[in-house]
Amino acid sequence: MQLTSLLLPSVVLVLSVIHSCWSADCRQLPDYQPIAPEEYDRRPSSAGDISKNPLGYYASFIPSIEDTAALYPCVSITAPAGYMIEIMMESIVSGDRLCAIDDGDDSVKVCSNGLVRFCQPIPLNNPTYRFFCDDSCETSDVSFFYRLYVQNTTELIQDAQDWCQDRDASEFPSSLFVLPTYVNNIPEDPDDRFQSYSAVVMPSCLFVVMVSLLNLWFALV
């Protein structure tokens with residue numbers, strides 16, 4: 001019991017130092033304010049506009065690794081521990097390798113090229129998430145969109161994986177781009193036009209000739 005009482009303050013101190021060091025690397029963004037799905041901006045024109053909120057996303061940037069004084073963007077969200085959260089990110093320039101990590105004790109970074117999506121239980125009350133590059137921010141800043149979606153209090157979750165699978169995994173800002181409808185503008189072959197014209201005109205000409213010959217025959221009789 002005495003050993004426990006001696007170790008506990010030390011453990012708390014170590015965890016506090018680790019969290020302070022983690023926070024020291026952060027450029028704190030405004031506390032996250034989720035946008036209701038029914039209020040998502042679904043206009044294609046907002047897909048690449050960092051001043052908009054396409055599909056409920058916010059925009060930020062990750063500084064270049066060469067900028068040693070710059071801090072990584074971090075965002076906090078008001079949510080209780082144990083609830084499920086979905087985190088989605090998309091680089092505005094495709095191909096940049098993005099990463100995210102929470103400030104929990106057992107946090108594991110998640111990285112992917114261009115698009116990032118993962119679900120997990122919230123590790124602690126009101127967590128903070130840090131966004132950074134794995135190896136693609138060497139020479140320039142990387143602009144990106146991010147969205148955090150927390151399990152609604154009315155959603156009863158039997159299986160965390162099922163909850164994640166039921167979410168729309170394709171709902172990234174770039175999905176708002178609408179490809180133009182394909183139109184066949186290949187010029188028609190003049191020979192084909194002549195054949196089509198002949199197929200219609202020739203029978204008509206023969207009919208006129210036959211009628212003329214019959215009229216002439218009746219006139220002679």
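**Exercise 1. The surroundings of Tyr72**

Task: list the residues that Tyr72 touches, not counting residues up to four places away in sequence, and place Tyr72 in the fold.

Solution. Start with the contacts, where contact means heavy atoms within 4.5 Å. Leaving out residues up to four places away in sequence, Tyr72 touches Asp25, Cys26, Arg27, Ile62, Pro63, Arg130, Phe131 and Phe132. Before going on, a word on what you are looking at: this is a predicted model, in which local features need pLDDT of at least 70 and side-chain atom pairs count only at pLDDT 80 or more, while totals for chains, interfaces and linings use all residues. Residues are numbered from 1 along each chain as its sequence is written, and side-chain values use heavy atoms, with hydrogens and water left out.

Next, find the element. Tyr72 belongs to strand S3 (residues 72-76); helices (H or I, at least four residues) and strands (E, at least two) are DSSP runs, numbered from the N terminus.

Then check a distance along the chain against one in space. Tyr72 and Cys133 are 61 residues apart along the chain, and their C-alpha atoms are separated by 9.1 Å.

Finally, consider the accessibility of Tyr72. Its relative accessible area is 29%, so Tyr72 is partly exposed. The classes are buried under 20% relative accessible area, exposed over 50%, and partly exposed in between (1.4 Å probe, protein chains only).

**Exercise 2. The chain as a whole**

Task: work out how many helices and strands the chain has, and in what pattern they follow along the sequence.

Solution. Count first: the chain has three helices and nine strands. Now read along the sequence, and the pattern is α-β-β-β-β-β-β-β-β-β-α-α.

Turn to the contacts. Of those between residues at least 6 apart in sequence, 77% join residues at least 24 apart.

Last come burial and surface. The chain has 221 residues, of which 31% count as buried. It exposes about 14500 Å², with carbon and sulfur atoms supplying 59%; areas come from the Shrake-Rupley method with a 1.4 Å probe, and for residues only the protein chains shown count as cover.

**Exercise 3. Salt bridges and a network**

Task: determine how many salt bridges the structure holds and which residues are linked in a network of them.

Solution. Begin with the idea: side chains of opposite charge can pair when their charged atoms come close. The criterion is a side-chain nitrogen of Lys or Arg within 4 Å of a carboxyl oxygen of Asp or Glu. By this rule the structure holds six salt bridges.

Take Glu86 and Arg117, whose side chains meet at 3.0 Å, N to O. Glu86 lies in strand S4 and Arg117 in strand S7 (residues 115-121), so this pair ties together parts that are 31 residues apart in sequence. Glu86 is buried, with a relative accessible area of 1%, whereas Arg117 is partly exposed at 26%.

Move on to Glu171 and Arg147, which form a salt bridge at 3.1 Å, N to O. Glu171 sits in the loop between helix H2 (160-166) and helix H3 (190-220), and Arg147 in strand S9, so that this pair links distant parts of the chain, 24 residues apart. Both Glu171 and Arg147 are buried.

Now assemble the network: salt bridges link Arg42, Glu86, Arg117, Arg147, Arg167 and Glu171.

One more pair deserves a look. Asp41 bridges to Arg43, with the closest N and O atoms 2.8 Å apart. Asp41 is buried at 15% relative accessibility, while Arg43 is partly exposed at 45%.

**Exercise 4. Positive phi**

Task: state where Leu55 is found and whether Leu55 is buried or exposed, then do likewise for Asn126.

Solution. Recall the background: most residues other than glycine have a negative phi. Leu55 has a positive phi near 55°. Leu55 is in the loop between strand S1 (26-28) and strand S2 (58-62), and at 1% relative accessibility it counts as buried.

For Asn126, phi is positive too, at about 50°. Asn126 is in the loop between S7 and S8; with a relative accessible area of 44%, Asn126 is partly exposed.
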